[in-house]
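Colleague: I have a model open and some terms to sort out. Can we go through them one at a time?

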Amino acid sequence: MLFADIGFADAAMRQYSANTDSSNWDLNKTKRLSCALHHEIPYYGQAIFNVVASKNKDLTFNLDMIVRPETYDFAGLQSVPPQWRAGVPVRDISKMQLLKKFDGELNNDVSWEMLTELEKGFHPTFYYKDWQNSADRISVALSSVNFRQAYWAFLQCRDNLLPYSFEDIAFTLMNYKKNSSDLTKSSRKRLEMIGEYLKNDDNIESIFITAYTDSFGGRWINMELSKKRAKAIKDYMASMGVPADKIQIEGFGEKRHVQPNDNAIGRGKNRRVVIQIAKP
């Protein structure tokens with residue numbers, strides 16, 4: 001068992017966990033971008049299950065310690081039954097690496113296993129050697145008391161997260177129909193995806209929009225068309241809640257082609273707009 005493997009026999013044990021009265025689970029969410037399930041561990045820190053908007057919506061676990069490790073080691077992780085379930089064995093789950101001056105972290109698979117153990121009424125518990133007192137061992141338990149309702153809210157929050165992240169929309173290239181300010185079908189879908197993200201993120205620092213045309217139609221006309229295209233994108237993003245003064249636009253007309261203009265495919269790629277979004 002992990003408990004035996006990391007040498008806890010005959011050692012003094014300092015135990016940290018919430019009791020029935022102090023066990024609370026709180027959900028913190030940022031619109032459709034993140035969900036975090038927090039559990040305070042008195043006199044120790046807190047346990048946090050977190051998921052952010054992305055394709056896979058992977059789960060992470062963070063053991064936020066007030067006093068972080070002073071050395072490199074491993075903590076054993078077990079599922080411990082509540083006292084009233086006498087005779088039910090303790091079950092090993094995994095090990096968590098302890099890094100000097102860092103909180104403990106676990107990946108998606110182990111994090112989900114911890115949640116399912118909590119849902120069953122068990123207490124995921126970490127055991128490790130104390131880095132401040134070589135005679136002591138530490139146990140840190142997550143209480144399942146008052147867990148289920150907060151867990152259900154967390155699952156609903158996760159389900160409602162956007163299926164893409166900021167990194168997925170931070171740089172975008174879109175294309176236009178010929179002699180028009182109308183985007184192609186695929187580009188319209190891409191712009192709608194960006195717009196949905198912007199509605200949910202209040203922390204956008206800047207957006208830079210540059211628009212280009214092919215070489216057909218005359219230089220002055222194309223220059224004005226590129227400016228019109230860039231402004232249309234700006235107006236759309238402003239309607240999503242981004243302050244207009246954070247959005248910069250520029251039209252280059254026929255300049256800076258990326259493909260030859262002597263064929264339809266090349267001209268289609270030159271009729272483009274590039275969107276670059278930055279956060280602090």
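Colleague: At what angle do helix α2 and helix α3 pack, and how far apart are their axes?

Modeller: This is a predicted model. In it, α2 (residues 108-119) and α3 (residues 148-159) pack at about 140 degrees. Their axes are 10 Å apart.

Colleague: Why is the pair α2 and α3 called oblique?

Modeller: Set the angle against the cut-offs. Over 145 degrees counts as roughly antiparallel, and 65 to 115 as roughly perpendicular. The angle here is about 140 degrees. That fits neither range, so α2 and α3 are oblique to each other. The crossing of α2 and α3 is left-handed.

Colleague: Which residues of α2 and α3 meet?

Modeller: From α2 come W112, L115 and E119. From α3 come R148, Y151, F154, L155 and R158. By class, this contact has five nonpolar, no polar and three charged residues.

Colleague: What describes the packing of helix α5 and helix α6?

Modeller: α5 (residues 185-200) and α6 (residues 219-239) pack at about 35 degrees, with axes 9 Å apart. The crossing of α5 and α6 is right-handed. L191, E192, I194, G195 and L198 in α5 meet I233, Y236 and M237 in α6.

Colleague: What makes one residue of the contact of α5 with α6 polar?

Modeller: The contact has six nonpolar, one polar and one charged residues. Gly counts as polar, so G195 is the polar one. Glu counts as charged, so E192 is the charged one.

Colleague: Now the sheet. Why are β11 and β13 called edge strands?

Modeller: The four strands run in the order β11-β14-β12-β13, in an open sheet with mixed pairing. β11 (171-175) and β13 (247-251) each pair on one side only. Neighbouring strands are turned by 15 degrees against each other on average, direction ignored.

Colleague: How do you know that β11 and β14 pair?

Modeller: Count the bridges. Pairing needs at least two bridges. β11 and β14 (residues 272-278) have five, in the antiparallel sense. So they pass the cut-off and count as paired. One example is L173, whose bridge partner in β14 is V274.

Colleague: Where does α5 lie on the strands?

Modeller: α5 lies across β11, β12 (206-212) and β14. It runs at about 145 degrees to β11.

Colleague: What makes R14 and D130 a salt bridge?

Modeller: The cut-off is within 4 Å, from side-chain nitrogen to carboxyl oxygen. The closest N and O atoms of R14 and D130 are 2.9 Å apart. So the pair qualifies. R14 is in β1 and D130 in the loop between β9 and β10, 116 residues apart. The whole structure has 14 salt bridges.

Note on methods
Residues numbered from 1 in each chain as written. Predicted model: local features only at pLDDT ≥ 70, side-chain atom pairs only at ≥ 80, totals over all residues. Heavy atoms only, no water. Axes fitted to C-alpha atoms, helices over the stretch in contact; angles between N-to-C directions. Helix = DSSP H or I, 4+ residues; strand = E, 2+ residues; numbered from the N terminus. Left-handed = near helix turned anticlockwise from the far one by under 90°. Contact = heavy atoms within 4.5 Å. Parallel < 35°, antiparallel > 145°, perpendicular 65-115°, else oblique.
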